[in-house]
Amino acid sequence: MSVNEKFTSIRKGLLEFLVLKVIAADKVYAADILEQLSRTEFATQEGTLYPLLSKMRREELVDYEWKESDAGPPRKYYQLTAKGREQLKETSEYWQKINATLRNLGQP
Amino acid sequence: MNKVISINLNGNAYQLEEGGFEALRAYLDTAGRRLESNPDKAEIIADIEEAIAAKFRSLLGANKTVIVEKEVAGIIADMGPVEDASGAAEAPPPGPGAQPAGAGKDAQGAAPVPPARRLFKIHEGAKIGGVCTGLAAYFNIDVTLVRIAFAFLIFAWGSGLLLYVLMWLILPSASTPAEMAAAHGMASATAQEFIRRAREGYYEGMKTFGDRRAYREWKRKFKSEMRGWKREMKWGLHPLSGQPPPAGAWIALPVLNTLISAVSIVGFIALISLVATGDVFGLGFFVWWPFWARLLTLIGIICLVRCPLKAIRRSYYGYPWGYYWGPAGSLWCILKWVFVVYLVIWIFGIHAGFHDALYHLPPKLHHAADSVQDWWNRQ
């Protein structure tokens, strides 16, 4: 397994966290999320995002509401639930801890 | 020059080159299969269709009305393969011959289930004991019709009531998904296969969108195909095809059914006998006890004999070991029989016609009927 492939699985595991972060900032619809992620190393496609969003909704991390749009049919705008915010906070803290561990481990 | 096919995505029509249509259909089919076990499958597919539609819209304009094959391929590449986020780890990779997951999985417990159509009580949507819902599922008719039929029969000297109570006592309840499927005469995996084929046929029909004659032709073909599948699936439901039943089921099940029915009927007659004469078949059944204690003891004995038999029978329907309701189940069983006794007394007491009908039955019953009426008149 090349280093690059290892990164793939890390990215996959972190995607949910990133999506939580994007949704936390503002009410967004799926294309917004993809657009914001596309500028990062977490660039994702619809085929992955839609099943993930539906899973997160089933786990009650996110919720959506239908909103009219100027172009085309109404869109699903996603927002975090209380549980989603809680999970985002926990994951952020955990991520800080991992960062600290990475920095400090092996240091004299 | 290329042929153009109109399709309907979330309620809007788009025109695709034929090759593009094939590619899109393959993509959506694969997506559907990968999401087979996902509870939100329909919603995700709708979302994906809408995302594709949005991409189509961005390509189309006043001077461009058709999506070419290359554009469809680009959009599909852009969408990326649909991955099931929830079940990616545990689900086997989908491919030809992959088992349709879902309800069918539950059916494959330790013991395989004979997928034949069987008569069950169904408590889902039941008004009283689930007998009517079970009959409706078995004969594939509206449950209301069955209820009306029973209501009519009740006026026929209470025979509907008696029939209902007897069936209530004798029929097993459908409580596992496998039993539910058997009650409707469909192995659940087969039902899913049926739906999958119907959906594929539907995609086929999208090709004809906008062409009335082609649509009519497709509809005719689709209907006849559906009929063919139905026949095929009925054969698939034949107990000898599909999974083998547990060893000995073909001897054990009829024997068990007969035994349970026999116990129920003997118990029923014994109850009538006890109510009528204060004794069971003249055997001197705890005659020194008060009447209610004798009644409860008899009911208890009937339940004690029936319960293990029912547990064994259940073990042949997909449970590795029998099904045990616990004390609550036994209590329920006893309550049922108390209700039966009450009904018997009631019917004998007020329905002279019922009493007369029993007169033409064997002398034992005849005698019992007489005594119940006597007993009732004394009250």
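## Close-ups of a two-chain predicted model

**View 1. Ile7(B) sits opposite Tyr14(B), which belongs to strand 2 of chain B.** This is a predicted model, so read each view with that in mind. Strand 2 of chain B covers residues 12-17, and six bridges tie it to strand 1 of chain B, with the two running antiparallel.

**View 2. Zooming out, chain B has an open sheet of three strands in the order 1-2-3.** The pairing here is mixed. At the edges you'll find strand 1 (4-9) and strand 3 (66-67) of chain B, each of them paired on one side only.

**View 3. Chain A has an open sheet too, with three strands in the order 1-3-2 and antiparallel pairing.** Strand 1 (28-29) and strand 2 (62-67) of chain A have just a single partner strand each, so one side of each has no neighbour in the sheet. Helix 3 of chain A (residues 46-58) packs on this sheet and touches strands 2 and 3 of chain A. The direction of helix 3 makes about 115 degrees with that of strand 2 of chain A.

**View 4. Here's where strand 1 of chain A meets strand 3 (residues 75-80) of chain A: two bridges join them, and they run antiparallel.** Look for Tyr29(A), whose bridge partner in strand 3 of chain A is Tyr77(A).

**View 5. Where the chains touch, chain B brings 19 residues to the contact and chain A brings twelve.** On the chain B side, helix 2 (41-59) and helix 3 (69-79) each supply at least two residues. Helix 2 of chain B gives the largest share, seven residues. Sorted by class, the chain B side has nine nonpolar, three polar and seven charged residues.

Notes: Residues are numbered from 1 along each chain as its sequence is written. Chains are lettered from A and ligands numbered from 1 in the order in which they are written. This is a predicted model: local features need pLDDT of at least 70, side-chain atom pairs count only at pLDDT 80 or more; totals for chains, interfaces and linings use all residues. Two strands pair if DSSP finds at least two bridges between them. Helices (H or I, at least four residues) and strands (E, at least two) are DSSP runs, numbered from the N terminus. Two residues are in contact if their C-beta atoms, placed from the backbone, lie within 7 Å. Axes are lines fitted to C-alpha atoms, for helices over the stretch in contact, and angles run from 0 to 180 degrees between N-to-C directions. Ala, Val, Leu, Ile, Met, Phe, Trp, Tyr, Cys and Pro count as nonpolar, Asp, Glu, Lys and Arg as charged, and the others, Gly among them, as polar.
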